[in-house]
Amino acid sequence: MSACEQYTDAIDEYVDGTLDPEGRRAVEAHLADCATCRTLVQDLEQLRRTARALDAPAPPPRVWAALANQIEADRGAARPPRIRRADRMRSSWLIGLAAAAAVALVVITASVVRLMERPHTTTEAVTTPASTGTTAAATPESVAGELQQAEAHYEKAIDGLQQIAKAGQGSLDPKVAAALQQNLTVIDQAIAESRAALKTQPTSEPARASLLDAFRTKVGLLEDTIALINEMRKGNSAGAARIVHGLKES
Amino acid sequence: MRSADAELIARCRHGDLSAFEELYRQHASRLHALACRMAPTRADAEDLLQEIFLLAHRKLGTFKGESALSTWLYRLGMNVCLDFVRSRQGRSGRLTDSLDDEEPGAPAMPQTPPLDAVSRIDLERAIAELPPGSRAAFLLHDVEGFEHHEIAAILGVSAGTSKSQVHKARRKIRSLLGRPAPRVSGRP
Ligand SMILES: [Zn+2]
């Protein structure tokens, strides 16, 4: 067993800070002589720092709405629908939607500002849920190709969602529908701005991330709109109120 | 058990939906992050999150408080995620098989400069390529900050297995991020 192999497990514990003083001294003595393991330690420390900084995006409001419906269904249909409580909540929806519109605007503006401020950074990244891409070194061509694929994917999803949302809009309060439409306009603007930024810097990771972010926001908003329409159609005002409440919080 | 947890759980058991909503809001983001990194798509992750909390709601009566509520939720959540991923893969991969067929990663060449700042997006991609078992251990240890003995309880393995899974995951990620491929053993 080479000296490096002998220390390979201890190096993980060294980086984690879980070695006892004696073990620590032994690793440090090896590191003083071994550039290979010094590099390994630096890499693992870098990895740990980035891993701890990965964010935990709040789930979209429809998850809680669906969950609450399911829990209530679990309890059996013994209880009559709580129409009175739902009626009371109705007026608070609009307040919720106005707040949601404001929040969406802030989020999008922030991401566009970030994009403008740091056009050349490549290390600033926005989290993506479990990506299926490869980690091969990115070339301008591969980045552009991947982005095109992602765009096509989102546009297809958005098309389908928009049709459903449009068909169901009659079920929504006109003021609610107008607020949602206004949100969509803001998001479309962010998409257009991100696209323009990408045209001038096709390989900029922040620009790419902003565009994908905007797409995700749009898909999320459309999905929430459809969930809202469904709850209204089922006459489940409490469920609808939950979604609006969630929109306000997200 | 934390007294705040105990109180919340007691309210949940009495059928107080707003208490369960509070519990959900406290833990949903972390478990959503976990589901997003275990599941192939965002829609799958949302389904998993819903399933995790529905199960939690049904099983809360069996929670005895030997562990922290968060540990209990992670155990339940990780089981749901691993069941899903493994049924999708169509193989009954056990936690201990993952990556075991590979050579241990040899250290990088001495003259290799340290990795540049690792971007979060690249790290996410590398994590997505890990086999489920070592991905689970890596997420719990390096992303969520659990210790090996806690991970052992969450995953139902030994602390030693947790350590070796995290070790392998880190070497694999490092090589995915651009380190030379592991050398075949037996070289001079
Ligand atoms: Zn060494």
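What follows is a walk through a predicted model, taking in chain B, the nonpolar cores, the aromatic pairs and a zinc site.

Chain B is a helices-only affair, with eight helices and zero strands. Read from the N terminus, its elements simply go α-α-α-α-α-α-α-α. Of its 188 residues, 53% count as buried. The chain also brings together residues that sit far apart in sequence: take the contacts between residues at least 6 apart, and 70% of them join residues at least 24 apart. On the outside, chain B exposes about 8500 Å², and carbon and sulfur atoms supply 50% of that area.

Turning to the interior, the largest nonpolar core counts 76 residues. Those with the most contacts inside this core come from both chains: A:Ile11, B:Leu23, B:Phe53, B:Met78 and B:Leu155. For a feel of the surroundings, B:Met78 is a handy example. Setting aside its neighbours within four places in sequence, B:Met78 touches B:Leu34, B:Met38, B:Ala136, B:Leu140, B:Ile154 and B:Leu155. Another core, of 31 residues, lies apart from the largest one, and A:Leu161, A:Ile191, A:Leu212 and A:Ala214 are among its members.

Next come the aromatic rings. Over all chains, a search of the whole structure turns up six aromatic pairs. One of them is made by A:Trp64 and B:Tyr24, whose ring centres are 5.0 Å apart and whose planes meet at 40°, so this pair counts as tilted. A:Trp64 belongs to helix α4 (residues 61-74) of chain A and B:Tyr24 to helix α2 (residues 17-38) of chain B, so the pair joins two chains. Both A:Trp64 and B:Tyr24 are buried. A second pair, B:Tyr74 with B:Phe146, has its ring centres 4.7 Å apart and its planes at 80°, which makes it edge-to-face. This pair links distant parts of chain B, 72 residues apart: B:Tyr74 is in helix α4 (residues 69-89), while B:Phe146 is in the loop between α6 (132-143) and α7 (148-155). B:Tyr74 and B:Phe146 are buried too. Ring pairs also tie A:Trp64 and B:Tyr24 into a cluster with B:Phe20 and B:Phe53, and B:Phe53 has already turned up among the residues with the most contacts inside the largest core.

Finally, there is the zinc ion, held by chain A. Its coordinating atoms are SG of A:Cys4, NE2 of A:His30, SG of A:Cys34 and SG of A:Cys37, at 2.1 to 2.3 Å. Angles among these four donor atoms run from 101 to 118°, and the site is tetrahedral. Along the sequence, the donor residues follow the spacing C-x25-H-x3-C-x2-C. Two of them, A:Cys34 and A:Cys37, are buried.

Conventions: Residues numbered from 1 in each chain as written. Chains lettered and ligands numbered in written order. Predicted model: local features only at pLDDT ≥ 70, side-chain atom pairs only at ≥ 80, totals over all residues. Heavy atoms only, no water. Donors = N, O, S within 2.8 Å, 3.2 Å for Na, K, Ca; no water. Tetrahedral: all angles 85-135°; square planar, octahedral: opposite > 155°, others 65-115°. Buried < 20%, exposed > 50% of the residue type's maximum accessible area, 1.4 Å probe, protein only. Core = buried A, V, L, I, M, F, W, Y, C linked by side-chain atoms within 4.5 Å. Contact = heavy atoms within 4.5 Å. Helix = DSSP H or I, 4+ residues; strand = E, 2+ residues; numbered from the N terminus. Areas by Shrake-Rupley, 256 points an atom, 1.4 Å probe, with all protein chains shown as cover. Phe/Tyr/Trp six-rings, centres within 6.5 Å; stacked < 30°, edge-to-face > 60°.
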